[in-house]
Amino acid sequence: MFRSFVLTLALCAAVPAFAQAPDTTSNPVSLGPVVVTATRSERSTFDAPQPVTVLDSRLFRQRLPNGVADLFRDFAGLDASGVGPNQRRPEIRGMRGQRILMLHDGLRLNNSRRQQDFGELPALASGGLDRVEVVRGPSSVLYGSDAIGGVINIISSTPGARSEPLSGELTYRYGSAGSMNAPSGNVSTRVGKFALRAGASFRESDPYRAPAGNFGDITLDERVLVHDSGIRDESYDVSSSLDIGRSSQLFAKASWYKASDAGFGFVDPALFGPGQTRVRILYPDQSFARQTVGFKSRISSILANRIELTAYTQQNERTLDNFILVPAGPRATIDIATWNFSDLNTLGGRLELARAIGRNTILTYGLDAFRDRSENTDSSRTIVTGFGPTRTTRTNTPQIPNATFTSAAAFAQIESRPVDRLSTILGARYQNVSAETRATTGLTRPIQKGEDQTIVWSANALYRAADKLNLVASLGRGFRASNLVERFFEGQVPEGNGYQRANPDLVAESSLNADIGFRYRAGAFHAEAFAFRNDISDAIRIRATGDSVSGRPAFQNENIDKLRMKGLELTAGFLMAKGFDGSVSYTLLDGTNMSDPDIAIGDSYSSKLVGDIGYRTPGGRVTAGYTIRYQGEQTEVIVGENPLGPVIPSFVVHSARASALLFRTRGVTNELALRVENIGNRLYAEFPNASFFRPESERNMSLAMVVRF
């Protein structure tokens, strides 16, 4: 199968028909889009001094993903963990969770109350999506903690940007996996200097089924249910802006998100053989709300030519239930259940200014700060059978005290062009992060505190070696302050196989990342290649302490010496004759625990090859496309504990898409889009989901009707 895949790519690459410049509306890997996240100033991706990926709104309409992270798997250096339409979380260069930073319109979404491996849900960023910008590599200078592996900025559509007094979009989508129904809509209006936008979406899906087949040491004789892989969620948003003169604007936005019946996903472990532990992680409900106000202006002042001030509050409530059933011998079991409710309230803001200094230099500087205030309640129940009389124990002792997480920082960045064809960006940030517990009902622990003071820097350079060729090099430090869970959690771990001790003395992780690469574009052809190495010092890993608590081994988060991620990312795209376009990307990833090379790390693929070919009629009335993705085998990071076996096998998956413009009349456009995933209906699990085996859906067909006016 892999041989046929390579042959397909070779045939695509051999088509000698470069006729015109790429159409960025149909080619997702084009180097044409404008980006702002990497530098905070607008520029094309071709001129960005860091590796970046842009996913625009047309790509979302054509490929019909359930969320932002669904698209990541088809792009170099990117991946996604989790299953189902709600729980997928993005990964960048083999890093996930709290080691990448998620932004919504430039403001952080990361949650200091989540575990290290769990990033925030992209679904929280409700509102009309204009594009998603991904910076591959550290961006702590501009955005602070957590941006060790990279930054994802989900950028909303501007309210009332069109000149028409009323515009909008209505969509209905159906997906065969879990019989998903997902209506959504938005409307915008502009009256003089005032613009208003409102949107809403709803989604309901049952748990999906995985196909029969073989994957590693696992064999499923018939299609099976992936429990807790469904969702019921809804979101609403309202945004507005008021122009003040020709160069200033006030803006405000409020958004709400609510989800229920979501879960980590699992397959009945009895299918893998006797004696398997059953772990069920369920999110019965989650609600999120954010309110933002701001002001931006282009001015003429000795301090700045541009100023942007933003303040926001957000409320994040979540219920998390864990149910673990451990076979402990003939007719003996340990049945563990924990229930947690957490309430995190955030207050934050950002002041950013920019000033041109002469003709070739721009200074961008500012302040940002936020405070997370966490409250939670916990309860648990354990039933032990088979060792004499049945024993039941209950406790309401919180595993994490109520706590506050506070961050304040100052940053500065200088863009300059010291000589012709060479542009450089130098930046630095100072950040202070503190965490402190508060009095908590049910706990007698003394108040615990932790603090990090960090200075990070970056140096980026772009050299125009030729009109069609840019050379790019970057070197920089990133950091991640330990969160509330890592510092203060004390109790039974969610998987039920141990006891975790608190460690408030953890220090921040820091990284040193180097990138070197090039971008090339010539007419209808474009390509880029980047090699990188990212060393994480004082990396936070959970380790056995050597003792036990209540008969279970004890663990504790500790700072270890160093983790290293390195890799290669290659992408090429081209426009062929008669409306055809194609792209090829290849990624190689390698992770090493420099402190203990015998311990495997890496929650992503070792290698990935993706080929895509598309077709677009003149005027774009009909489009079609086909994607093939190959992922090479990877060493299992939990050797001997997974029925999958010591190696996660390689796999190839196919998907196809098509869209048609049905009619356009009196300003109303009606479009139909279709996507088919896992065309071969094969059993496989994406690598981040393989250790805790959660296979992907059987063949899934998605159909969407879109009406724009």
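This briefing walks through the cavities, salt bridges, sheet, core and a few single residues of the structure above. Keep in mind that the model is predicted. A search of the whole structure turns up 46 salt bridges, and the cavity count, at 30 Å³ or more, comes to 11. There is also a largest nonpolar core with 39 residues, and an open sheet built from 4 strands.

**Cavities**

- The count stands at 11 cavities of 30 Å³ or more, and the largest cavity has a volume of about 550 Å³.
- Five elements each give two or more residues to the lining of that largest cavity: strand 10 (166–175), strand 37 (622–631), strand 40 (651–665), strand 41 (668–677) and strand 42 (700–708).
- Strand 40 gives the most to this lining, with 3 residues.
- In total, 34 residues line the largest cavity, and D70, R73, R88, E677 and E696 are the ones that lie nearest its centre.
- Sorted by type, the lining of the largest cavity has 13 charged residues, 12 polar ones and 9 nonpolar ones.

**Salt bridges around E569**

- Some background first: side chains of opposite charge can pair when their charged atoms come close.
- R93 makes a salt bridge with E569, and their closest N and O atoms are 2.8 Å apart.
- R93 sits in the loop between strand 5 (89–92) and strand 6 (101–104), while E569 is in strand 34 (residues 562–575), so this pair ties together parts that lie 476 residues apart in sequence.
- R136 also forms a salt bridge with E569, this time with the closest N and O atoms 2.9 Å apart.
- Here R136 belongs to strand 8 (residues 129–136) and E569 to strand 34, so the pair ties together parts 433 residues apart in sequence.
- R93 has a relative accessibility of 3%, so it counts as buried.
- E569 is buried too, at 2% relative accessibility.
- R136 has a relative accessible area of 2%, so R136 is buried as well.

**Other salt bridges**

- R350 pairs with E352 in a salt bridge whose closest N and O atoms are 2.9 Å apart.
- R350 counts as buried at 9% relative accessibility, and E352 counts as buried at 2%.
- A network of salt bridges links R63, D70, R73, D74, D79, R88, D612, R629, R657, E686 and E696.
- Among the members of that network are D70, R73, R88 and E696, which also appear in the list of residues nearest the centre of the largest cavity.

**An open sheet**

- Strands of a sheet pair through backbone hydrogen bonds, either parallel or antiparallel.
- One open sheet has 4 strands in the order 28-29-33-32, and its pairing is mixed.
- Strand 28 (491–492) and strand 32 (540–549) stand at the edges with a single partner strand each, so one side of each has no neighbour in the sheet.
- Strand 32 and strand 33 (residues 552–559) run antiparallel and are joined by 7 bridges.
- As for V549, its bridge partner in strand 33 is R552.

**The largest nonpolar core**

- As a rule of thumb, nonpolar side chains tend to be buried together in soluble globular proteins.
- The largest nonpolar core in this model has 39 residues, and L55, F72, V132, V134, I152 and I154 touch the most other members.
- At least two residues of this core come from each of helix 2 (57–63), strand 8, strand 9 (150–156), strand 18 (248–263), strand 19 (278–298), strand 20 (306–329) and strand 34.
- Strand 19 supplies the largest share of the core, 4 residues.
- Two of the contributing elements, strand 8 and strand 34, are also where R136 and E569 lie.

**Two residues to look up**

- D321 has its place in strand 20, and with a relative accessible area of 9%, D321 is buried.
- From D321 to A337 the C-alpha to C-alpha separation is 7.4 Å in space, and the two are 16 residues apart in sequence.
- G386 is in the loop between strand 22 (361–385) and strand 23 (391–395).
- With 44% relative accessibility, G386 counts as partly exposed.
- G386 and L170 are 216 residues apart in sequence, and their C-alpha atoms are 58 Å apart in space.

Methods. Residues numbered from 1 in each chain as written. Predicted model: local features only at pLDDT ≥ 70, side-chain atom pairs only at ≥ 80, totals over all residues. Heavy atoms only, no water. 1 Å grid on protein atoms, 1.4 Å probe; cavity = no way out; pocket = protein on both sides within 12 Å on 5 of 7 lines; lining within 4 Å. Points joined across faces, edges and corners; volume = space filled by probe spheres on them. Nonpolar A, V, L, I, M, F, W, Y, C, P; charged D, E, K, R; others polar. Salt bridge = Lys/Arg side-chain N within 4 Å of Asp/Glu carboxyl O. Buried < 20%, exposed > 50% of the residue type's maximum accessible area, 1.4 Å probe, protein only. Pairing = 2+ DSSP bridges. Core = buried A, V, L, I, M, F, W, Y, C linked by side-chain atoms within 4.5 Å.
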